[in-house]
Structure formats: structure tokens, C-alpha cells
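Okay everyone, thanks for coming. Today I'd like to walk you through the empty spaces, the cores and the aromatic rings of one protein chain. Have a look at the picture first.

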Amino acid sequence: MKYIDLHTHSTYSDGTFSPKELVLYAKSKGISAIALTDHDTIEGIAEAKQAGVEHGVEVVSGVEISTSYPSGDFKGNEFHILGLFISENEEVKAVFDKLKTYRKNRNIELIKNLNAENINISMQDVEKLSSTGNITKAHFSKALIEKGYAKSFEEAFEKFFRGDKKTNVPKQTLNPKEAIEVIHKAGGISILAHPFRYKLKKENLIILIKELKKHSLDGIEAIYSTHKYEEEIFLKELAKELNLKISGGSDFHGHTKPNIELGIGYGELKIPLEILAGLKLSSP
């Protein structure tokens, strides 16, 4: 049986493999298809697509968009919407350019906050760690590790970038409706990423997914590295009930999440090729 991975990250966001390296790694692992779903950017897709053609790995054009509700029951919660089978046009490019500006402004504030807490770190320290010019909190974390302020990415995130830490700066994001709209304008399908990572009670998760369905959500990521077997079954049944597609991915980042392996997550993940075929039936 052939297997796939529809949730991966490269050096264009917070992954440590270039798009080409990611494709080559997928080939070495016997993975038939991957989706490159970098955070809030589609800049790495062309490189991944070219490598896929050269090395016989199908590459799905994707993105992972961070969203939050400005009001209502889910205000303050961050939800990630995956876009699969997307293409770029001027309207879509403008949205991603805006998100890039948000991130740059956020990074300036992060430096200010860290310096205010006597953390000796500069933007140059962080920028030199990115081969693409896209700076994420993973790059900040690596710089902090190199300077001795943390021993691991997880420790750096916990000490400096989680929740209401004084050094943290919340992301400016789209709301879920806007994210779904931009994905559809790019010719793609929208998938709620890793539903159980939001730590909602099942009844609230159902409310969330039904709310997103009203905004034309196309599917949910039922198969995921941290989903337990019973959670996966629950999501598949819910998807069937709501006429939503199911997707699956490991959320592979490389060295920033060293325990998550491409294609198999923590070791037991299996995403059959049939999942991709089912998603293609719903793509424009």
C-alpha cells in the first residue's frame, strides 16, 4: 500500500528541510505524495513542485493559515486552517504579503520584549539562522538555544513564547472565515488542522466544526500524529455526518520537532493514498 503525508513544513516557515530536501527525504522514506503546508506562505511551493517532478514524488500545493475569532465563544483561541491544491493570483498574493508584514512587525516586538527582560539577542542573531529570510519563533528559539537561554526548542517556546509570557507577542491573524475564503480564491480546499490539539471538549469541538462548515470548510484533518485511535474514529464519523472530507498529515518540521517523523508521526501514523484521491474529488 502507498502512503502519503499532507502536512509538512520547510525552511520557508519553521521547518529545517528545504522544499527540495523535503521531497528527497519523502522519496527515501517511500512516501508517494506530500503537501507542503508552510505557515502563512506559499513561497516554497515552486521549489518543492520542481523537485517532485524530478524525483517522482507528487507534491500538493498547500499552506497552513493561523486564524482566530475576534469575538464570540472561541475568542482568544487560535485555529489553523490548511489549504490544499492552491494556486497564486494577485488577490491571494496580497493576503500573504499582508501576513508576512504582520510577522515582520511581530518579530521586531519580540526582540524588544526579550531585550527588556535582559535577554541578549538581536535581529541579526535570528536572521542569520534563516536561509529564506522568513523568520518564525522557531528561529528565535534556535538563537536562544545557541546563546544558552534554553536547551531545546520546547524549552525556549515554554519559557518565552507561550500564552501570556511577558516576552511573547501574539500573532495578528485572519479570522477563520477570511482564511477559508482566501483558500477558495486560490482554487484550493480548506481543512481544519489537528482538531484535538485545541484542547476543546468534544461538544465544543463539534460546535466549532459546524461553525466552520457554515463558512464553507471542506474537511478536517482526522489522521494526525497526536490523535489517539478513538479521536481519529470520532473525527471520521463526524466528517461523514457533516459531509466533510478527511485529510491526514504528520506535521513534520524536521529538527524543530525531532520526535515527529515524516509520514509516520510518532511511529504509528498511516495515511493511505486513497485519502489524497478523495480530496482530489472535491478540489476545483
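Let's warm up with this: does Tyr25 count as buried or partly exposed? Keep in mind that what you see is a predicted model. Tyr25 has a relative accessibility of 22%, and the cut-off for buried is under 20%, so Tyr25 counts as partly exposed. Now look at Phe17, which has a relative accessible area of 15%, so this residue is buried.

I picked those two for a reason. A search of the whole structure turns up eleven aromatic pairs, and Phe17 with Tyr25 is a tilted one, because the ring planes sit at 50° while the centres are 5.1 Å apart. In general, you describe a pair of aromatic rings by the distance of the centres and the angle of the planes.

Here's another pair: Phe79 and Tyr198. These rings are edge-to-face, with 75° between the planes and 5.0 Å from centre to centre. What I like here is that the pair links distant parts of the chain, since Phe79 and Tyr198 are 119 residues apart. Phe79 belongs to strand E4, and Tyr198 is in the loop between strand E5 (189–192) and helix H8 (202–214). Both Phe79 and Tyr198 are buried. Together with Tyr69 and Phe74, they make up one aromatic cluster.

That brings us to the nonpolar cores. As a general point, nonpolar side chains in soluble globular proteins tend to be buried together. Which residues touch the most other members of the largest core here? They are Leu6, Leu84, Leu192, Leu208 and Ile209, out of 66 residues in that core. Separate from this one is another core of 15 residues, including Leu110, Val126, Ile135 and Val169.

Let's zoom in on Leu208. If you leave aside neighbours within four places in sequence, Leu208 is in contact with Tyr69, Phe74, Phe79, Leu192 and Leu200. You'll recognise Tyr69, Phe74 and Phe79 from the aromatic cluster.

Okay, on to the empty space. Roll a probe the size of a water molecule over the atoms, and you see where empty space is left.

The largest pocket has a volume of about 1,400 Å³, and 39 residues line it. Nearest its centre are Glu78, His80, Phe157, Arg162 and Arg197. Strands E3 (58–68) and E4 (78–84) each give two or more residues to this lining, and so do helices H3 (90–116), H5 (137–146) and H6 (153–161). Which element gives the most? That's H6, with four residues. By class, the lining divides into twelve nonpolar, 14 polar and 13 charged residues.

The second largest pocket holds about 360 Å³ of space. Its lining has 23 residues, with Thr41, Glu43, Lys100, Lys104 and Asn134 nearest the centre. Here H3 and helix H4 (123–127) are the elements that give two or more residues, and H3 gives the most, with nine. The classes come out as seven nonpolar, seven polar and nine charged.

Last stop: the search of the whole structure finds one cavity of 30 Å³ or more. About 70 Å³ of space lies inside. Which residues line this cavity? They're Asp40, Leu99, Tyr102, Arg103, Arg106, Lys171, Gln172 and Thr173. Sorted by class, that lining has four charged, two polar and two nonpolar residues.

That's my tour, thanks for listening!

Terms used. Residues numbered from 1 in each chain as written. Predicted model: local features only at pLDDT ≥ 70, side-chain atom pairs only at ≥ 80, totals over all residues. Heavy atoms only, no water. 1 Å grid on protein atoms, 1.4 Å probe; cavity = no way out; pocket = protein on both sides within 12 Å on 5 of 7 lines; lining within 4 Å. Points joined across faces, edges and corners; volume = space filled by probe spheres on them. Nonpolar A, V, L, I, M, F, W, Y, C, P; charged D, E, K, R; others polar. Core = buried A, V, L, I, M, F, W, Y, C linked by side-chain atoms within 4.5 Å. Buried < 20%, exposed > 50% of the residue type's maximum accessible area, 1.4 Å probe, protein only. Contact = heavy atoms within 4.5 Å. Phe/Tyr/Trp six-rings, centres within 6.5 Å; stacked < 30°, edge-to-face > 60°.
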